[in-house]
Amino acid sequence: QDKAHDDFFKEIAEEYRGKMIFMKLGKTEEYMLKDFGFGAFPALGIADSFGFDAKHFAYSSANEFPGGTEAVKEFLNKYLAKELSPTYKSEQAPKEEHKKGTVKTVVFSTIKETIASGTSLLVLYKSWAKSVDKVSGVLDKVAEALEGIDSFTIAKLETTKNHVPEDTFPEMDEDDFEPVGYLCTDGVCKKWGHIPGQKEVFKYLAKQVPAVKAGWESAVKPKLKEMKEAEAEKKRKEEEAKAAEEAKKAEEKKQLDDLIANAEEIDVSEAKDKGIIKQVIKEGSGSNPAKGDKVKAHYTGTLLDGSKFDSSRDRGDPFSFSLGSGQVIKCWDQAFATMKVGERAVLTCTAPNAYGERGSPPAIPGGATLRFDVELLSFGGKDEL
């Protein structure tokens, strides 16, 4: 199909030599599609320059180009005669129908239909703005609370990915990076300004939008009460879950402490500085693995307060590594060399023998002493595991 398109345009390009430059764009330039309002290749369009403010004129975004050669030539001739109206940058409109009580995502191609009737608070934003997450949270809650208000919509438009017509949004400042709200009624938008907190948004809308004021007692207040109760219930469940997790952590720590309460502390560090302490819970049998052997083991790693950061047992997937080759922390390389198959032990590893002062964020803080409940399952050459 690419060759067919190439042949198709070579014929046209030859005829318009000296009048236009023909370029073929590939997947790496797919980001430019939105400048024409396209969603996917193949597509045909004209840019009147290479500048960032170039005007764009779209013909088609389809598997085939409607009308064939003559229709494309007619499109090109209209451009040269300055008879074409430009098309503008636009993301593809969401395929899902907007759900009442949520923030509507607007793109350039859907601005008119969004503001044509009723009232909407349309927020223009840049996705990388400092306050965008905070503002998004406010808009989500306001939209949910106003779910019962007819003919009113909370909407948002990403301005770096869509053309923003100045005649629709007066007093727009392109150098203002923070989200800005416009109140639009029956196709006319009036600038409000930066989006404040949730309470201030409600006050503004109750004053400026008659439907919100009229429905405040009957629709908005009951919904706010429902949301508050739901938030409280969510918080209660989160606190219960956290308490249960803390209790579980404490119980697992107690069980491990009980297991090693009477176990001898064996310094297995090469430096003999007590940087690696092994306490045997269950004896193994046979010989010890040698450097280069492939070791298979189960482990559960915790901080000294019992916080678990990793466990092969939880995954049901034993961990394998080559002993003494630096694939694991020093503590493991040195401690597993002293173990036998079937042996289960608790290793207490100081930071220099574990993850050092840098740690392994976010689970393991810098300078942390770690505990590992380990079990040597097997070892041998590469083909023996």
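Phe177 is partly exposed, because its relative accessible area is 41%, a value that falls between the 20% under which a residue counts as buried and the 50% over which it counts as exposed. The structure in which this residue appears is a predicted model, and every value given here is computed from it. Phe177 has its place in the loop between β5, which spans 152-158, and β6, which spans 180-185. Leaving aside residues up to four places away in sequence, Phe177 touches Lys126, Trp128 and Ala129. The fold also brings together Phe177 and Tyr125, whose C-alpha atoms are separated by 7.4 Å although the two residues are 52 residues apart along the chain.

The loop between β5 and β6 also holds Glu171, a residue other than glycine whose phi is nevertheless positive, near 60 degrees. Glu171 has a relative accessibility of 65% and therefore counts as exposed. A positive phi, near 55 degrees, is found at Lys272 as well, again in a residue other than glycine. Lys272 lies in the loop between β8 (266-267) and β9 (276-282), and with a relative accessibility of 57% Lys272 counts as exposed.

From these loops the reader can turn to the interior. The largest nonpolar core has 26 residues, and those that touch the most other members are Trp332, Phe336, Leu347, Leu370, Phe372 and Val374. Two or more residues of this core come from each of β10, α9 (330-336), β13 (344-349) and β14. Val374 shows how such a residue is surrounded: not counting residues up to four places away in sequence, its contacts include His298, Tyr299, Trp332, Phe336 and Leu347, and also the charged residues Arg313, Glu343 and Arg344. Apart from this core lies another one, made of 23 residues, with Val142, Leu146, Ile149 and Val220 among them.

Aromatic rings offer another way through the structure, in which a search finds 16 aromatic pairs. In one of them, Tyr299 and Phe319 meet edge-to-face, with 6.1 Å from centre to centre and 85 degrees between the planes. This pair links distant parts of the chain, since Tyr299 belongs to strand β10 and Phe319 to strand β12 (residues 319-322), 20 residues apart. The partners are unlike in their exposure: Tyr299 counts as buried because its relative accessibility is 6%, whereas Phe319, with a relative accessible area of 29%, is partly exposed. Tyr299 and Phe319 also belong to a cluster linked by ring pairs, together with Phe309, Phe321, Trp332, Phe336 and Phe372.

Strands β10 and β14 appear once more around the second largest pocket, where they and α7 each supply at least two residues of the lining, the ranges being 294-303 for β10, 370-380 for β14 and 216-260 for α7. The largest share, six residues, comes from α7. This pocket contains about 270 Å³ of space and is lined by 15 residues, of which Glu252, Lys253, Leu256, Thr300 and Asp373 lie nearest its centre. By class, the lining consists of eight charged, four polar and three nonpolar residues.

A last local feature is found in the loop between β13 and β14, where Pro362 has its place. The peptide bond that leads from Pro361 to Pro362 is cis, with omega near 0 degrees.

Technical notes:
Residues numbered from 1 in each chain as written. Predicted model: local features only at pLDDT ≥ 70, side-chain atom pairs only at ≥ 80, totals over all residues. Heavy atoms only, no water. 1 Å grid on protein atoms, 1.4 Å probe; cavity = no way out; pocket = protein on both sides within 12 Å on 5 of 7 lines; lining within 4 Å. Points joined across faces, edges and corners; volume = space filled by probe spheres on them. Helix = DSSP H or I, 4+ residues; strand = E, 2+ residues; numbered from the N terminus. Core = buried A, V, L, I, M, F, W, Y, C linked by side-chain atoms within 4.5 Å. Buried < 20%, exposed > 50% of the residue type's maximum accessible area, 1.4 Å probe, protein only. Contact = heavy atoms within 4.5 Å. Phe/Tyr/Trp six-rings, centres within 6.5 Å; stacked < 30°, edge-to-face > 60°.
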